[in-house]
Amino acid sequence: MSAPGVGAIVLDTGRGRVGEVMAAVGGRVLLRPPGGGREWEARPGDLRPAAGADALRARVADANERSRRECDGHAPPPARCRVCWEIKQGRYGAVEAGDRDEAARLATAMGRHQREAHS
C-alpha cells in the first residue's frame, strides 16, 4: 500500500491510534494526533482511512487531554463555568486517590449540574 497523502486522517492499526499524516519518509509515515501533539512513525501497511467513529474518538481524546492540561493546578479560564471546574477537579482528585465511590458521586453531580445550569 502506498502512503496516504499529507493531511489525511488515518487509523494506525499497529498502535490503535488515529493520526494526521504529516510526511512520508524512507518507507515510514509520520503521524500526529489530529489536534496536535507528539509525532510517531508508522508503516504504510498499518494504516487505513479513519472511519467517522475513529476520528470522533480521536477528537474526544484530544479535547479530554487539553482539558486535563488546563486543569493541572491552574485557575479555570474565565469563560468556563466555575462549578463545572470545581466538580471536575474534585473528580480528578478522587480518581487519583482511588476513591471510586466519590468519583462516581462527582460524575453524577456533574451530569445533574450540566442539566440544571447549561441546558
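**Exercise 1.** How many aromatic pairs does the count come to?

*Solution.* Rings of Phe, Tyr and Trp (its six-membered ring) pair if their centres lie within 6.5 Å; planes under 30 degrees apart are stacked, over 60 edge-to-face, and the rest tilted. By this rule the count is zero. The model is predicted: local features need pLDDT of at least 70, side-chain atom pairs count only at pLDDT 80 or more, and totals for chains, interfaces and linings use all residues. Residues are numbered from 1 along each chain as its sequence is written, and side-chain values use heavy atoms, leaving out hydrogens and water.

**Exercise 2.** Identify the residue whose charge lies over the face of tryptophan 40.

*Solution.* A charge sits over a ring if NZ of Lys or CZ of Arg is within 6 Å of the ring centre and within 35 degrees of the ring normal. Arginine 17 lies over this face, at 3.8 Å from the ring centre. Contact means heavy atoms within 4.5 Å; leaving aside residues up to four places away in sequence, tryptophan 40 touches ten residues' worth of neighbours including Asp12, Arg17, Val29 and Leu31.**Exercise 3.** Determine which residues form the largest nonpolar core.

*Solution.* A nonpolar core is a set of buried (under 20% relative accessible area, with exposed over 50% and partly exposed in between; 1.4 Å probe, protein chains only) Ala, Val, Leu, Ile, Met, Phe, Trp, Tyr and Cys residues joined through side-chain atoms within 4.5 Å. The largest has seven residues: Val10, Val21, Val29, Leu31, Trp40, Ala42 and Leu47. Strands β3 (28-32) and β4 (40-42) each supply at least two of them; strands (E, at least two residues) and helices (H or I, at least four) are DSSP runs, numbered from the N terminus. A second, separate core of five residues includes Cys84 and Ile87, which are also among the buried residues of α2.
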